[in-house]
Structures are given as structure tokens and as C-alpha cells.
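This report concerns aromatic rings and the charged groups that accompany them. The structure is shown below.

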Amino acid sequence: MALYPVIMCGGAGTRLWPASRPSRPKQFIPLAGNRSLFQETALRVAPLAQDDGRLIVVGGVGHREWILDQLAEIGIDDRVEILLEPQARDSAAAMAAAALWTHARDPLGVNVFVASDHHIPDHDAFREACVVAAEAARDGRIVTLGVRPSEPSSAYGYISPEGPGLAPVRAFREKPDARTAADYIASGYLWNSGNFIVTAATLLDELKANAPGVEIAVRQAVANPTDRAVLGPAFADAPKISIDYAVMEKTRHASVLEVDFEWSDLGAWDAIAATGEGDFGQHIFEDAEGCLVRAPDGMLVAALGVRDLAIIAERDAVLVCDLDRAQDIKRLVARIQTTSPQHLDFARDAPETLEAGARRLADWMRLRALPLWSSVGASDDGAFAEALSLDGRPVQGPRSVRVQAKQIWAYAEAGRLGWQGPWRRLVMNGVERLQTRFLRDDGLCCAGLAPDGAPSPETASACDQVFALLALHAARDLVPDPAALETCAVSIRDQMDAFPPPDDEPDSSRPTPVDIHLLEACLAWEGGDKDRWREVADHVAARIRADIGERVAVSLSPGRTFQAARVLDRHARRRGAFGADASALQLYAEALRGVTARDRIVAETRDEDGRPRGGRSRLWAQTEWLCASLQFGQDVTPADRAPLQQDAAEAMRAVWAHLTPDGLWRDTRLATGAFIEEAAPASVLLHLIRALSHLVAGSDDGSPLR
């Protein structure tokens, strides 16, 4: 019997204002100790997910960073399935999402639903109770944990059991007044802890019977996520209803297990003061007793001659209240909503929009990158620097045909986009050098040139040849004899089959980087020796499509998979397909699995399940995400366009994280967020120019580089 604990992170905690606010609710704040309530909950329930089980976290999409950062801090982020709600729809929908995910993985799985913001110091006792409850859950019961009350409280709901121990539920009662609470306790009622243990199958059956609108909407949302973590837009169609109203008050299968461990939902400042661990920050008391004080770093709170107060200071707001009135803070928050709504949440800088990022990229390219690389990074004899150091100096060493070809393409495309720099001279000199220095007698290109200008003894690869094809096409309309360039390109194309697959790609039937670039080159050249270029393009595209069904694309890096999706879709468009190509969209979805959940960057590698591995990333992969999302966003329905536009905005921000103000870039980012101190590779210029081309194609702004 596998257990799947589920942490529900949807609480708002308005009675804990000003510390708890929508962008940082109480579960992510250390309120009773050094860890947050969410972290304590994760440590408490994670051990339940033994064997084939798994810990699941359901939270709001706006809290993604809190969830991921805090799980990483306690070292369990690699063993968690995260489901993010695009819109809060209360506990019934959140629990349905976790149950659907569990049932798809394990039809017999038992979910242990727990709140993320409860204080339960005795972790062992809690887990023991869950194991006992899980046995009853296997028999079709929905078991909630009923806490033996320590005192009458109007802060909690109550449960009337039919007997001691594990028993059917006679009735659920809402939060009573103090006198009614005392009567409940005298009658054997228990506090309703809000924890539920139930098989995924039982919960889904109960939702179908009692709240079918919830089950239908959430099932569609789980089946169509916008990325690997965020539930699909259909989630917003689920009725907003708690599990108590949706199921527990209607079902005939409710049971309660009486427990006597310490428990509190820490719903107000008096409950936090009662733990004895709620003080935080620097404070000085003089003749002050029974007070709870919390202050941010750098602030001092001093109290003199006061009793039983909560003094809660944040940078923008301070609360002072009698602890006996802590339950009434909601009234205060209601007034703040009317008189000073900006203090209901912390001020946050809005992320840069796609449009703003695109304008900034065009200006940066025109004013910084292209002037630098076309001067310092290029020679009068048509040679291009392989890399520039971070202080803007060319790195000396061998010259590769791949960089020579990529720079020719990049400057030709920059000219097409309206750049007023010397792009024509750069392309002309570059292609002349390609033909005279890199082209061998057999019509293929050598791998590169040694520092003394002699051809490199290194064996030329197929990738070297396909980039030469792209460069020759880019220069075709600029040279006096374009037919000579096409003859050269045809010679290279017709010899491509003679190249063995790369050492790290032994299965020649699998789509490789060569396949992707060759397809792109053939599509560019169609129109000259048209039938043969088209024939090769169709053959390569068919091979890629055939392999998608075998999910071999997961063996490609995420960046390469975005690239394959983009080029495959371009092929489909060229062949008259209306709208985005289904196979290419499937590749795009596969690539999205390689985007990190926390930083939203394309990882360099991924594991066997397609998830990011290691946390390293490269700049070119971020540009491929940007290009693919923009391309697919052109022909899809408005409903499907919104997540692609969001992807493009995130990809643009990921690109900008690598760029420097002076026109250079840092290529490799580590999992820590730091960058490797290395020279900026020239080959990235092609990827940045291509990204700008896709931004132009999706806008009405015209040429961006004039």
C-alpha cells in the first residue's frame, strides 16, 4: 500500500497580517521555530512516501518560487511532485488534482491530505496516526484526524464521533462561540484538524457523485497542463468549494481517528504566542510581559510598560493589538482593503513584458553587440574571432568553419533586419574566405584552420557541412556569381550521406543535431535545385516525425528539442499545413519538461524522465525556447496562445540573464545562478539574431535594427 502525502498550500492567513500576505502567506514564514510551517510539514509527511509513494505539493502558481526554494533548503526538492493552480478554487479542486495525479500513477494509492500551515511538533505520532488511518482508507473510508481538545476554542471546527478511537462521523460542526465550544467538549467532540486520509479512487468517486463539476474541470486541467507543473486553464472552471461542503458533509464514508498529540493551525497571533517560539527579530522589553514581537532585519522594537500585546512590524506596516483580540484582525484587514489597499500585499516589481524585453534586445543588438562583434570580432580578410574575452579582446587560437559559417549567416540576417552597419562587407569577405580557405578539393569544408592558417588535421563533421550550407545560402544574393555558391552547396548536400553518425549518436535513425540543421538548410535552399532539396528535407522531416512516437526525443537536450520542434513546424508550414504542426507541438511539450521549475530556464541536460538534471544552462538553449514559443504562438487559437506568450516572456527573461551591458554574454550558467568566467563564444550571435527575427515576425514594429 503506497502512501502519497499531499501538502495543500492554498491558505491565505489574513489574521496574521501584516506578516502574512497574498504573495507570502503564513505557511512560508517561520512562525514557531527557524523553519517555515511549510518546511516543517514537508519534513513531517515526506517519510510517509516510502517504496513507490511520492510527496505531492499543491499550491498557487504565484508561490512557485517559495515552494521550490523552501523544499531545496531542506533537501527534499528532488522527491516531490508539484502541481500549481493557475487560480485558487478552494480545497475540493486542489485535492481532486492530487487524487487524479495519484490515481494515474497508482490506482490503489492512498493520499494523506495535510494543510501546509499546521503546527504539530510530534512528527512520529502524526505519522503513526496516518498509517492507522490508511488501513481504514483501503476499505473505502475517508478518515479525518480529530484532535482531543485541550480547551474550548472558537477558532476551530468540531467533529462528533460515534465512538472512541477510529469511528464513523456523526456530525461536523462549524466554528462555535465559546459557550457552545465548551458544550461540544463536554459531549466528546473533537477538533477538526482538516487532515484527510483516503484512497485516490474513493475521493474521485465521491467527487463524481457529489461535486461532478469539480471532478470534470480538474480532470481536464490535469490532462492538459501548461507546463510540467502548472495545471491547465480548465482548472478555473471548477466550482470554488471546500472539501467539507463538496464531500464530507454528504458522504456516508466519513470516519474520524481520535488523536491526542499537540496540534494548532496557528491561525492568529495569540496561537503563535502560545507556542513560546514566535518572537522574531531584535527587541528590547522594559517592564513588558506576555508580548509577542516580530521585526525584520535591521529594525529594533522597544516596548515599555505594556502587557499581552502582539507587536508585528514589517517594512511598510506595523500591527499592535491585544492578544485577546487576535481573532478580530480580519476586521482590520477589511478596513485596510478600503482605505489603504496597497498595504494588503508586499510591493513587487512586475516582471518585464515580452514587448519591453524585445525592444531592449533590439536596442542592445544595434547599439552594443553588433558594433562590438563587427569590429573587434571581425578582420578585413573575412576571418571572425572564435570568442571575445569578457573585457572585449579576441581570443587567439584555431578558427573553425562552424563559427565562420554562423557569423556569415548572422550578419546577413542582421542586414535583412535593417542593421545599418557593414553587414554586406562582412558577409562578402566572410564567404570569400570560406570558399578559399575552408573549402577542400572534394567540395567539402575542412573542420577549421590552425593558428598559422593551415587546414586543421581534425576530421570535418557533418554539422560543419550543414552550417556551411546555411552560410552559402545567406550570401547567395550578394555575390557576383550566385550559381557558383549553389553548385558548392549541392556538392556538400550530395555528400552528406557519406558521413557516419557522431560518436555520441550511434543510432543513425534517431534525430540528431545534424538532422535538425540539415532540414533547416534544405528548407532555406528550396527553389534552386528544388526537387532534390525538397526531397532531402522531406526525408529528414519524416525520420524525425517517426522517432517522436518512440519518445527518443527525450535523449536530445531540452534546447535541441525546442530547436527540432521549431524546424519541424517550419517544414510543415512550407508544405501547406494550416496552424501549428501536431508532431512539432508534441516535441515542444517534451522540451518544456526540461525547463526548470524554479528559475524557468532551459536546462543543459535532463534525466531519463525528461526532467532537468544538474541545473546548468546555456544561452543558446534559451534563445531556442524563445524562437519556438514565438513561432507556435502565431497560428494557434487565442486560448492556446496565452501560455505560449507566457513561455516567450519567460524565455526572453532567461536570455537577458546571460547578456552583459557592453554587448557580450555569459554562456554557461551554473545551478547556483552564477556564471562560469569564460570568453563569450561568437557562435551565440547567430542564435540571438535568430531570436530577433522571430520577434519581428510576431510583431508589427517593422525592422528593429534601423
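## Aromatic contacts in the predicted model

In this predicted model, K406 is placed over the face of F467, 4.6 Å from the ring centre. A similar description applies to R493, which lies over the face of W533 at 4.5 Å from the ring centre.

| Charged residue | Ring | Distance to ring centre |
|---|---|---|
| K406 | F467 | 4.6 Å |
| R493 | W533 | 4.5 Å |

Turning to contacts between rings, a search of the whole structure yields 17 aromatic pairs. Among them is the stacked pair of W373 and W665, with 4.8 Å centre to centre and 5° between the planes. Because W373 belongs to helix α11 (residues 354-375) and W665 to the loop between α21 (638-656) and β20 (668-669), this pair ties together parts that are 292 residues apart in sequence. W373 is buried, at a relative accessible area of 0%; W665 is likewise buried, with a relative accessible area of 0%.

Another pair, F562 and Y588, is edge-to-face, with 5.3 Å centre to centre and 65° between the planes. F562 lies in helix α18 (residues 558-574) and Y588 in helix α19 (residues 582-592), so the contact ties together parts that are 26 residues apart in sequence. Both F562 and Y588 are buried.

Which residues form one aromatic cluster with W373 and W665? The other members are W364 and W656.

How values were computed
Residues numbered from 1 in each chain as written. Predicted model: local features only at pLDDT ≥ 70, side-chain atom pairs only at ≥ 80, totals over all residues. Heavy atoms only, no water. Phe/Tyr/Trp six-rings, centres within 6.5 Å; stacked < 30°, edge-to-face > 60°. Helix = DSSP H or I, 4+ residues; strand = E, 2+ residues; numbered from the N terminus. Buried < 20%, exposed > 50% of the residue type's maximum accessible area, 1.4 Å probe, protein only. Lys NZ or Arg CZ within 6 Å of the ring centre and 35° of its normal.
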